[in-house]
Amino acid sequence: MSRDRKNGDPHSATAANTVPWLEWTASGIGLLLVLGMFGVIAWQAFHGATMPPTIIVEAENTTRTDGGYRVLFRARNVSGGAAAQVEIEGTISAGHDASETSRVVLDYIPGHSSRKGGLFFTQDPRAGALKLRATGYAEP
Amino acid sequence: MSDAKGRRAVTSERYAVGLARAFGGAIIFGVPLLMTMEMWWLGFAMERGRLLLLMGFNVAVLVGLSYFSGFEKTFSLKEDTMDALAAFGVGVITSAVLLVLLAVVTFDMSWSEVVGRIALQSVPASIGAMLGRKQLGAEQDMDAEEERKRESGYGGELFLMLAGALFLAFNVAPTEEVILIAFQMTPWHALLLGALSIVLLHTFVYTVGFSGQEIRPEGGTFLSTFLHFTLAGYGIVLLVSLYVLWTFGRTDGVALSEIANMLTVLGFPASLGAATARLVI
């Protein structure tokens with residue numbers, strides 16, 4: 001197997017014929033992933049990825065715990081733009097008692113995504129009117 | 001076809017070995033950023049147009065890297081492109097699997113979030129896949145590589161510096177620390193750091209005997225080498241740093257003087273990357 005050319009690429013002329021099937025497969029899968037990924041990101045770019053966040057908070061379940069009540073909620077960002085440091089505030093305005101407010105900050109809610117969290121109260125949220133809302137966010 | 005030719009040809013088995021090394025490289029080079037939380041957030045929070053541009057730039061760099069050191073010896077633009085695509089695929093698959101394993105990507109996330117996170121992580125992982133053969137391979141064809149580096153001349157030299165700078169800058173830029181350091185530094189700190197970057201860039205490439213070290217061009221004086229390679233290299237380092245910072249939205253609405261500070265901060269690791277690119281590639 002002597003080298004017939006100085007630069008040591010004796011089969012450069014026939015390289016196209018010697019591409020193994022595995023190489024075609026690997027490159028083919030790579031090409032599909034490139035196209036798929038570029039396609040998805042480009043689609044996002046043209047479908048409101050820069051719309052400022054809109055956050056809707058819904059209570060999912062209320063449980064009695066030691067020393068109070070726990071309300072699980074889901075905060076949904078229905079716009080394309082991501083929100084950071086989203087503050088979620090829950091207020092119970094019971095008739096006779098003073099109203100009670102609990103807060104939590106969610107690090108991030110990506111566009112068209114949701115994050116879950118929980119708030120604790122000492123009063124039973126089911127007794128009074130529980131209001132959940134996002135009070136603000138920062139741009140990431 | 002002669003027997004000799006048949007034995008020389010790249011078979012699927014040999015390609016499979018290269019592919020396995022590529023996966024190894026993708027994991028090793030990708031792991032630091034897979035475990036960086038800013039990367040997860042940037043994956044969905046960064047501007048889509050910039051992410052798209054970054055992915056395109058990454059594919060172009062992969063094609064160039066394949067020319068110098070792929071997981072396979074290549075002979076033409078077509079094969080370099082095929083190698084780049086395969087490396088990209090390896091990067092995406094590795095990132096996807098590891099992000100799922102680390103519970104960074106879960107199945108109740110929206111698909112746009114999942115794609116964003118995987119796409120961003122695939123950049124360092126695919127570069128790692130491309131370098132995997134070189135770093136992990138036992139049977140390197142050093143002669144062919146040196147030949148390539150000689151043939152490509154000055155342009156190739158600058159490209160290698162760009163690739164090295166990009167890789168290291170990309171590893172540091174997502175973290176909050178770059179900005180914090182830039183805020184903490186006085187202008188004197190920035191000037192000194194910039195000067196140190198240039199000195200290290202020059203020393204690593206031309207003076208200390210690292211493997212893959214550059215021999216000063218024939219007849220080149222210190223000054224001409226310094227201007228031609230070191231300063232040109234630092235220029236590339238600053239441009240790459242600026243590009244990476246812009247990509248991650250770190251420059252938006254920031255005063256020019258702060259951006260300059262950030263550039264010297266990020267330029268420090270980036271110039272180390274540019275200086276040592278030859279060792280890695």
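Two strands count as paired if DSSP finds at least two bridges between them, and strands (E, at least two residues) and helices (H or I, at least four) are DSSP runs numbered from the N terminus. With that in hand, start in chain A of this predicted model. In strand 5 of chain A, A:L119 is the bridge partner of A:V71. That pair belongs to an antiparallel pairing of strand 2 of chain A with strand 5 (residues 113–121) of chain A, which runs over nine bridges.

A word on the ground rules. Residues are numbered from 1 along each chain as its sequence is written, while chains are lettered from A and ligands numbered from 1 in the order in which they are written. Local features need pLDDT of at least 70, side-chain atom pairs count only at pLDDT 80 or more, totals for chains, interfaces and linings use all residues, and side-chain values use heavy atoms, with hydrogens and water left out.

Strand 2 of chain A also has a partner in strand 1. Strand 1 (residues 55–65) and strand 2 (residues 68–77) of chain A run antiparallel and are joined by 10 bridges. Here A:T63 sits opposite A:R70 in strand 2 of chain A. The two strands form a hairpin with two residues between them, and A:G67 takes a positive phi near 75° there.

Stepping back, chain A has one helix and six strands, and along the sequence they follow the pattern α-β-β-β-β-β-β. Of the contacts (heavy atoms within 4.5 Å) in chain A with a separation of 6 or more, 63% are between residues 24 or more positions apart. Chain A has 140 residues, and 38% of them are buried; buried means under 20% relative accessible area, exposed means over 50%, and partly exposed lies in between (1.4 Å probe, protein chains only). The accessible surface of chain A comes to about 8000 Å², with 54% of it belonging to carbon and sulfur atoms; such areas come from the Shrake-Rupley method with a 1.4 Å probe, and for residues only the protein chains shown count as cover.

How far can you trust all this? The predictor gives the complex an ipTM of 0.72 and a pTM of 0.81. Per residue, its confidence is pLDDT, on a scale from 0 to 100. Chain A averages 82, with 86% of the residues scoring at least 70, and chain B averages 84, with 83% of the residues at that level. Among the elements of chain A, helix 1 (residues 21–45) is lowest at a mean of 87 and strand 2 highest at 93. In chain B, helix 1 (residues 3–8) has the lowest mean, 41, and helix 5 (residues 77–101) the highest, 93. Both chains start poorly: pLDDT stays under 50 over residues 1–16 of chain A and over residues 1–8 of chain B. Where pLDDT is low, the predicted coordinates should not be read in detail.

Now for the interior. A nonpolar core is a set of buried Ala, Val, Leu, Ile, Met, Phe, Trp, Tyr and Cys residues joined through side-chain atoms within 4.5 Å. The largest one has 86 residues, and A:M37, B:L120 and B:V244 touch the most other members. Helix 6 (residues 111–136) of chain B gives the most to this core, 11 residues. Leaving out residues up to four places away in sequence, B:V244 touches B:L166, B:A169, B:F170, B:A173 and B:L266. Apart from that core lies another, of 14 residues, including A:A75, A:A83, A:I92 and A:L119. You've met A:L119 already, as the partner of A:V71.

Charged pairs come last. The structure holds 10 salt bridges over all chains, each a side-chain nitrogen of Lys or Arg within 4 Å of a carboxyl oxygen of Asp or Glu. Take B:R117 and B:E113, whose closest N and O atoms are 3.0 Å apart. Because they are four residues apart in helix 6 of chain B, about one helical turn separates them. B:R117 is buried at 6% relative accessible area, and B:E113 is buried at 1%. Elsewhere, salt bridges with shared partners join A:E87, A:E89, A:R103 and A:R133 into one network.

Compare A:R126 and A:D124, which form a salt bridge with closest N and O atoms 3.2 Å apart. A:R126 is exposed at 51%, whereas A:D124 is partly exposed at 23%. In the salt bridge of B:E47 with B:R50, the closest N and O atoms are 3.7 Å apart; B:E47 is partly exposed at 40%, and B:R50 is buried at 10%.

Note on methods
pLDDT is the predictor's confidence in each residue, from 0 to 100.
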